[in-house]
Amino acid sequence: MPKFEQELLQRELLTDAVLRTAVKRARELRCPLHEVLVNEGICQAEDVLAVLSACYGLPVYDPAVTPVQPEAVRAVSPKLVSHYSILPVAVSGRTLTIVVTDPLDMKPAEDLEAHHGWRVERMLGSRRDIEEGLKKHYGVGADTVARMLDDTTRTTAAPEPVSETQDVGMASDDVSVIRFVNQLLNEAIRARSSDIHFEIQAAGPVIRRRIDGVLYDIPIPQGTRTLYPALVSRLKLMAGLNIVERRVPQDGRARVKLAGNEYDLRVSVVPALHGEDVVSRILPTSMLFDLSQLGFSPDDQSLLQKHLEKTNGILFVTGPTGSGKSTTLYACLKMLNTRERKIITIEDPVEYELPGITQTQIAPGIGLTFARALRSMLRHDPDVMMVGEVRDAETAEIAVQTAMTGHLVLSTLHTNDAASAAVRLMDMGIDPYLITSTVRLFSAQRLVRMLCPACRRPAEHPQVPGELMPAGCRACGNAGFAGRMAITEFIPLEPSIQELVLQRAGAPDIRRAADKQGWHTMSEDGWNKVKAGLTSAGELLRVISDHADL
């Protein structure tokens, strides 16, 4: 029995029966046994590396202990490191240290020594460490860019057929801008990005992705500037846009697939000083909308569900762009979506498809506005209507009339807090009596990042009892956070609030009355979640710092 297998058994990392099965599996796949053990979850990567290190006398690579030297990255081409799946980490004289996954594979070292004049020393590392190191230090798609720059005939994005749904995760030997764009989208989706930004600046292109509301740079290879026009053309082609027109903004959409899941890309192109900038929003085609998973406190969720059970009236969700208003409304619609109800939505645009619901997207260019669509939909005998946003007096007036005629209406307003919503409606020209007669609930929300459960730890200088702080680990990409949750406030239109609205009182008076009734603010809800260890004080202050009145 090979020494590696003997060591696995001696350390009791697996049983003899499991080992025999794994050896058989490795032969079938024609890959090293240690890869089968890790890839199929039989052993932890750290344990396997420790055994390999003991058997072959190679040190184990730890990214936190051995930082990658820029000289080592410059010493080996992107094509070579990609071909062999190795990571150069250090250079000392003519000695190059590389990280490998297979101690028995001498081809990378032999190639570097025979053809590039290096004396090679090896370290053992996991495939994940090597892949992450290559993306960080060479850039996403570095091998593809390097090959395209060697073959200039393949750097243009010539118009070619684009399938309805494109698999951006499918492996391909094609070295073209198509592959490069797929690699960028693949990486963004795997990182849970909500948006990916392609920007061209005087110094060159910058690609960033938004994760949990925060933008992070994506490392990109040298030479990407040369390929940037072709990259933009490819994105425009995917979204069905005019690749020749570069003077005016364009909007389109595409559908892609990764690991069996489909995603909608909302592509927006705008002309900028040094070329065209592109932003692509990444939306899963299906999501599980559940009020219990959005971060509402039990009391707030109970209050919202109570008002959703009414057969008429209006519920307004307020907040700035990106505060999760649409997600909250979708979760409400999912709860209301039964065979006994007819539900119609009017949106700009339709972000997610909800089975069993009639969804309409407005088109102002042909006169299909929120107000016009709302009038038409009333003739379709709805029980519940969702209006994506009340933007003007006409839409607000029709929504109020709809609620007065026995319909439940859900909609959004752009205000900073719940108390300002009634004032905003009055500013639009809605009579206070109509507001108090139809509106049942004003809510407001923001989104805060949730602490990563794998690495959160007690705060060094806690501001409140129970406060935790982010640390950063591999599971969360060293961000310290994973996912977001809502911080909310609700103001039901109880008699005391109604009286103030009828008196055309301002938002501060309405807020004070809500405080007396025991309705918490967003800030108070946020601090409760800090105390519960769900988010950090720093994250909460980042979100609410611009709104001291919250």
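This passage describes the fold, packing and backbone of a predicted model of a single chain.

The model is a prediction, and its confidence is summarised by pLDDT. The mean pLDDT of the chain is 91. A value of 70 or more is reached by 95% of the residues. Residues 153-159 depart from this level, with pLDDT under 50 throughout. The model nevertheless gives this segment 16 contacts beyond four places in sequence. Where pLDDT is low, predicted coordinates should not be read in detail.

The chain comprises 550 residues. Its secondary structure amounts to 21 helices and 19 strands. The C-alpha trace extends about 85 × 60 × 45 Å along its principal axes. Half of the residues, 50%, are buried. Contacts were also sorted by sequence separation. Of those between residues at least 6 apart, 61% link residues at least 24 apart.

The exposed surface of the chain comes to about 26,500 Å². Carbon and sulfur atoms contribute 49% of that area. Charged side chains number 61 positive and 69 negative. The centres of the two sets lie 2 Å apart.

Nonpolar side chains in soluble globular proteins tend to be buried together. In this model the largest nonpolar core contains 53 residues. Leu425, Ile435 and Phe442 have the most contacts inside that core. Phe442 is in contact with both of the others, Leu425 and Ile435. Beyond its neighbours within four places in sequence, Phe442 also contacts Phe316, Ala418, Ala421 and Ala422. Further contacts of Phe442 include Glu489, Phe490, Ile491 and Leu493. A second core is separate and has 42 residues, among them Ala22, Leu58, Ala109 and Met123.

Met123 also appears among the contacts of Thr97. Thr97 belongs to strand 2, residues 95-100. Its relative accessibility is 14%, so Thr97 counts as buried. With neighbours within four places in sequence left aside, Thr97 is in contact with Leu87, Pro88, Val89 and Ala90. Glu121 is another of its contacts.

Ala188 lies in helix 10. Ala188 is buried because its relative accessible area is 0%. Outside the four places on either side in sequence, Ala188 touches Ser193, Ile196, Arg209 and Ile282. Thr488 is 300 residues from Ala188 in sequence. The C-alpha atoms of Ala188 and Thr488 are 29 Å apart in space.

Several backbone features stand apart from the usual geometry. Most residues other than glycine have a negative phi, and most peptide bonds are trans. The bond from Asp348 to Pro349 is cis, with omega near -10°. Pro349 sits in the loop between strand 12 (343-347) and strand 13 (358-361).

Two arginines have positive phi. For Arg192, phi is near 65°. Arg192 falls in the loop that joins helix 10 (177-190) to strand 5 (195-201). Its relative accessible area is 41%, so Arg192 is partly exposed. For Arg504, phi is near 55°. Arg504 occupies the loop between helix 18 (495-502) and helix 19 (507-516). Arg504 counts as exposed because its relative accessibility is 53%, with the cut-off for exposed set at over 50%.

Technical notes:
Residues numbered from 1 in each chain as written. Predicted model: local features only at pLDDT ≥ 70, side-chain atom pairs only at ≥ 80, totals over all residues. Heavy atoms only, no water. Helix = DSSP H or I, 4+ residues; strand = E, 2+ residues; numbered from the N terminus. Buried < 20%, exposed > 50% of the residue type's maximum accessible area, 1.4 Å probe, protein only. Contact = heavy atoms within 4.5 Å. Areas by Shrake-Rupley, 256 points an atom, 1.4 Å probe, with all protein chains shown as cover. Lys, Arg positive; Asp, Glu negative; His and termini not counted. Charge placed at Lys NZ, Arg CZ, Asp CG, Glu CD. Core = buried A, V, L, I, M, F, W, Y, C linked by side-chain atoms within 4.5 Å. pLDDT = per-residue confidence, 0-100.
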